[in-house]
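The following exercises are each paired with a worked solution. Please attempt each task before reading its solution.

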Amino acid sequence: MKRHKPAPVLPSSPFSQPSTVPKRDLLKSVLLRCSIIVVVLLLTWRSGQTFLYRQTQKNLDQNTLCSADHEFFEGVDIRNYKEKMCNLDEPYQFEKFIWLVTDGFPIKYATFVEEVLKSHSITYLVDIPGPKYSHAIYTSYLTGLLPTNLPGEPIEGDSLLKSLVRSDYKLQYVGPEWSFLAMSGKENYDKLFVKIELEFESLITYYDHAYPFFFEDENAISRLKRTLEDIKRNNISLISHSGVIDHKQHGDFRFGNFFATTQAARKCGPDFRMIKEWVDENPEYLLVVSSDHGVDEMTSAGYRMH
């Protein structure tokens, strides 16, 4: 009689054995893991808001600090403040202004501009705490909202946008919508500006100048001259914004050099000189040159910004 060999015994697998974990403990483990995933997703979404969320000016009602007769504001005696803030002496007043807002202009290159303006200028350093993202900073000093760019209550007082509306300035804007103009809120464009000329800033086009629509070539310079003539003739102030240098820095850091940023920053000196010379001939205008932040270097920890 032929005898069959016994079947081989395979090593046991933990996956093939029935679970010895009680159902209650298994449910707790699943719920804990799901909770962790939900928390991580919420934190990722919330932190992403810091960069992506754009809270704009919602209310441009005139602030009554200078226009009303009251002497107290939220229990504080403001008579002395009103005298200083609302009744400026004649030498400190101006009728119109030209404001150039250069996104991401590093302070290490600011000397190219300071040399042009130093003969009669005042330099201010404005520190806005919080993330050094353009729209977070613009949000704070344009609207009085939190510089974190997270939803919050605005400062109940004055803001730059409110003061512009209160001043009855006629304003023209030239530049991209993102992100300086966007902070004022689309619903307020007509309240703030009599004319808006939007410029598309390509991220893949190499621009030699920070404000290519005014300085890139002879046609652009001709446009600048026409713009200056137009604002003078129509009694208008001009705000112009550019993100070109900020875009260049992102590329410079990615490829490990600062050539493009340096070249564009150096050209800001002679570019701005053209506008300064025009302002010298038209002293009713005040020239304001500002930036929101700068990037100085790339380290192992990331950007070092100011």
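**Exercise 1.** Classify cysteine 34 and cysteine 268 by burial, and state how many disulfides the structure holds.

*Solution.* Step one is the scale: buried means under 20% relative accessible area, exposed over 50%, and partly exposed in between (1.4 Å probe, protein chains only). Step two applies the scale: cysteine 34 is partly exposed because its relative accessibility is 40%, whereas cysteine 268, at 0%, is buried. Step three concerns pairing: with a disulfide defined as a pair of cysteine sulfur atoms within 2.5 Å, the structure holds zero disulfides.

The model is predicted; local features need pLDDT of at least 70, side-chain atom pairs count only at pLDDT 80 or more, and totals for chains, interfaces and linings use all residues. Residues are numbered from 1 along each chain as its sequence is written, and side-chain values use heavy atoms, with hydrogens and water left out.

**Exercise 2.** Determine how confident the prediction is across the protein, and in which elements confidence is lowest and highest.

*Solution.* The confidence score, pLDDT, is the predictor's confidence in each residue, from 0 to 100. Its mean over the protein is 79, and 71% of residues reach 70 or more. Next come the elements, where helices (H or I, at least four residues) and strands (E, at least two) are DSSP runs, numbered from the N terminus. Confidence is lowest in strand S9 (residues 302-305), with a mean of 56, and highest in helix H8 (residues 218-233), at 98.

**Exercise 3.** Describe the surroundings of isoleucine 245 and of threonine 102.

*Solution.* Isoleucine 245 belongs to helix H9 (residues 244-255) and, at 0% relative accessibility, counts as buried. Contact means heavy atoms within 4.5 Å. Leaving aside residues up to four places away in sequence, isoleucine 245 touches ten listed partners, among them Thr102, Phe105, Ala210 and Cys268. Threonine 102 is part of strand S3 and is buried at 3% relative accessibility. With the same sequence exclusion, the contacts of threonine 102 include Ile245, Tyr211, Phe272 and Asp292.

**Exercise 4.** Compare the span of helix H10 with its expected value, and locate its kink.

*Solution.* The expected span is 1.5 Å times one less than the number of residues. Helix H10 (residues 259-281) has 23 residues and reaches 35 Å from first to last C-alpha, close to the expected 33 Å. A kink of about 30° lies at cysteine 268, shortly before proline 270; the bend is the angle between axes fitted to the seven residues ending at a position and the seven starting there.

**Exercise 5.** Why do the buried residues of H5 line one face of the helix?

*Solution.* First, the buried residues of H5 (residues 160-167) are Leu161, Lys162, Leu164 and Val165. Seen down the axis, they fall within an arc of 160°, so they line one face; the arc is that of the directions from the helix axis to the C-beta atoms. Finally, these buried residues pack against strand S3 (96-102), helix H4 (134-143), strand S4 (171-175) and helix H6 (189-192).

**Exercise 6.** Identify the backbone features at aspartate 168, serine 179 and asparagine 235.

*Solution.* Most residues other than glycine have a negative phi, and most peptide bonds are trans. Aspartate 168, just after H5, takes a positive phi of about 65°. Asparagine 235 has a positive phi near 60° and sits in the loop between H8 and strand S6 (237-242). The peptide bond from tryptophan 178 to serine 179 is cis, with omega near -5°; serine 179 lies in the loop between S4 and H6.
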